[in-house]
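Here are some notes to go with your read-through of the model. They are numbered so you can reply point by point.

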Amino acid sequence: ATILPQCHTSACLIMSQRKARIAVLGAGWWSQGWHLPHLSRHSEAEIVAIVEPNPHPRSAINELESTAALGERYGCPVFSSLADALASPLRLDGLLVCTSHASHFELGIAGLRAGLHVLMEKPMTTDPEEALGLAAAAAAAERDQGLAFLINNTANYRAQSRAAAALVRERRRVGRVQHVQCCMHSALLWLFDDPSNEGWTRSTGRMSGNGFGWGQLSHLLAFVFHVGGLCPTHAFAHTTLSERSGADLSVAAVITCSNGASIALSGSAAVPGNAHEAAGGQLGKYVSARFFGDEGMAVYEGYDQQPDSGRLQLSRRAGGLDADDEAALASAASFAFENYDQAGTGPESLCSFVDACLGREHYVGAGAEVGLAVVRAIDAMYRSARSGRLEACAPGEGAGIVGGEVLG
């Protein structure tokens, strides 16, 4: 959905003359490698605070700078807690939350209560009850204060994803979605098979498991739910676990949805190589999503580091495409999925967040509704893999958001 700002012309003019004032929560691998550099290069954004409780952040993946060094590099104060940052005289527009999964709920709620826009790293949470509570708070904050709550599923903000959503969910050009076949295969054993990468492999809090499901399939399912407009109700899954880290390396699942549709899902980290390196013939992550409806089929698949490996396709049982179909397909004539380019001013999701902070029209590729659906589906998948049975998506079959109202 595209959100239009609710402001008068004079107020919009004032907003356009200043930068978005953003606090970055978390100073780990992804913040230091992506979020902080991206924001520092964005001409309309300003890093006004970094919040990190550990003065010497650690990562098993690479060396990280201390918070003191980060404060000096980006010219901003560093706080050990969000409460301290909110109690300071700083004026903020938004929070970018890039912390441990278990902290997302508390920090997201605090940001919304403080009247701030929020960009939350995926997954929204790993606890369905927390996800429902956060979705309720986000819906109320949008309705009452015009606040944006975005999830950093970067693929959903791409032009290709927007075109797919326009065809399948908005214009219903495949009719009623009856079945989705989707997969994501990545060269990420270096991440999920290594027990030292605790944030990616070890379960914390009330998590039913951790690994490729939360780490990667949260991207794929966010795309499927966004494009298809589907709400999960049950899941049956099997996982292959790492003997070293205990994380799931491969996942096979069937997810049923409230409209009667089914999703057949395959995911694996076991592709040889490194998905983040294009050198040496590495093709990147292979992603496929096929939407079958009672009027046609839409297909989007390819390798995420090979733009010419795929494109959005639409075929209809009645035959023929209209001008809007052709325009959508033309805007998605190459393949792109996650945007993890370290150069530039950040992915489309981050730029949309900056627009929201400045009171501008902005695209919501993954909001609370999509985030809640993802958490419910993946949690049920993990519980099913452990129990060997079909599991209902918690906290209940009717949980979801319709028209901005949360159903529980």
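1. Cavity count. Keep in mind that this is a predicted model. With the cut-off set at 30 Å³ or more, the count comes to one cavity. The volume of the largest cavity is about 40 Å³. The general idea behind such a search is simple: rolling a probe the size of a water molecule over the atoms shows where empty space is left.

2. Who lines it? The lining of the largest cavity is made up of Lys-122, Pro-123, Met-124, Ile-151, Asn-153, Ser-218, Gly-371 and Val-374. By class, that lining splits into four nonpolar residues, three polar and one charged. Lys-122, Pro-123 and Met-124 from this list turn up again below, so hang on to those numbers.

3. The cis bond at the lining. Going from Lys-122 to Pro-123, the peptide bond is cis, and omega sits near -15°. Pro-123 belongs to the loop between β6 (117-120) and α6 (128-145). Both Lys-122 and Pro-123 are on the cavity lining, and both are also in contact with His-101.

4. His-101. You'll find His-101 in the loop between β5 (94-97) and α5. Is His-101 buried or exposed? His-101 has a relative accessible area of 18%, and since the cut-off for buried is under 20%, it counts as buried. Beyond its sequence neighbours within four places, His-101 contacts Lys-122, Pro-123, Thr-126, Gly-199 and Met-207.

5. The other cis bond. Have a look at Ala-394 to Pro-395 too: that peptide bond is cis, with omega near 0°. Pro-395 is in the loop between β16 (391-392) and β17 (400-402). As background for this point and the next, most residues other than glycine have a negative phi, and most peptide bonds are trans.

6. Arg-172 and the helix before it. Arg-172 has phi near 50°, a positive value in a residue that isn't glycine. Arg-172 follows α7 and sits in the loop between α7 and β8 (177-185). Its relative accessibility is 46%, so Arg-172 is classed as partly exposed. Back in helix α7 (residues 159-170), the buried residues are Gln-160, Ser-161, Ala-163, Ala-164, Ala-165, Leu-167 and Val-168.

7. The nonpolar core. Which residues touch the most other members of the largest nonpolar core? They are Phe-149 and Met-381, in a core of 116 residues. Helix α13 (residues 368-387) gives the most to this core, at 11 residues. Outside its neighbours within four places in sequence, Phe-149 is in contact with Leu-112, Val-118, Met-120, Met-124, Leu-134, Ala-138, Ala-366, Gly-367 and Ala-368. Met-124 in that list is also one of the cavity-lining residues.

8. Leu-107. Leu-107 is part of helix α5 (residues 104-113), and at 15% relative accessibility it counts as buried. Leaving out residues up to four places away in sequence, Leu-107 touches Leu-25, Leu-82, Leu-95, Val-97 and Thr-99. If you want a distance to check, the C-alpha atoms of Leu-107 and Ser-81 are 9.8 Å apart in space, with the two positions 26 residues apart in sequence numbering.

9. Glu-52. Glu-52 is in the loop between β3 (45-51) and α3 (67-74). Why is Glu-52 called buried? Because its relative accessible area is 14%, and buried means under 20%. Its side chain reaches the backbone nitrogen of Asn-54 at 3.0 Å. Residues up to four places away aside, Glu-52 touches Gly-26, Ala-27, Pro-57, Thr-67, Phe-79 and Ser-80. From Glu-52 to Val-24, 28 residues away along the chain, the C-alpha separation is 8.7 Å.

10. Ser-268. Strand β11 (residues 262-268) holds Ser-268. With 15% relative accessibility, Ser-268 counts as buried. The side chain of Ser-268 reaches the backbone nitrogen of Ala-270 at 3.1 Å. Apart from neighbours within four places in sequence, Ser-268 is in contact with Met-184, His-185, Ser-186, Phe-212, Leu-249 and Ser-250.

Conventions
Residues numbered from 1 in each chain as written. Predicted model: local features only at pLDDT ≥ 70, side-chain atom pairs only at ≥ 80, totals over all residues. Heavy atoms only, no water. Helix = DSSP H or I, 4+ residues; strand = E, 2+ residues; numbered from the N terminus. Buried < 20%, exposed > 50% of the residue type's maximum accessible area, 1.4 Å probe, protein only. Contact = heavy atoms within 4.5 Å. Polar contact = N/O pair within 3.5 Å; in protein donor to acceptor, adjacent residues only side chain to side chain. 1 Å grid on protein atoms, 1.4 Å probe; cavity = no way out; pocket = protein on both sides within 12 Å on 5 of 7 lines; lining within 4 Å. Points joined across faces, edges and corners; volume = space filled by probe spheres on them. Nonpolar A, V, L, I, M, F, W, Y, C, P; charged D, E, K, R; others polar. Core = buried A, V, L, I, M, F, W, Y, C linked by side-chain atoms within 4.5 Å.
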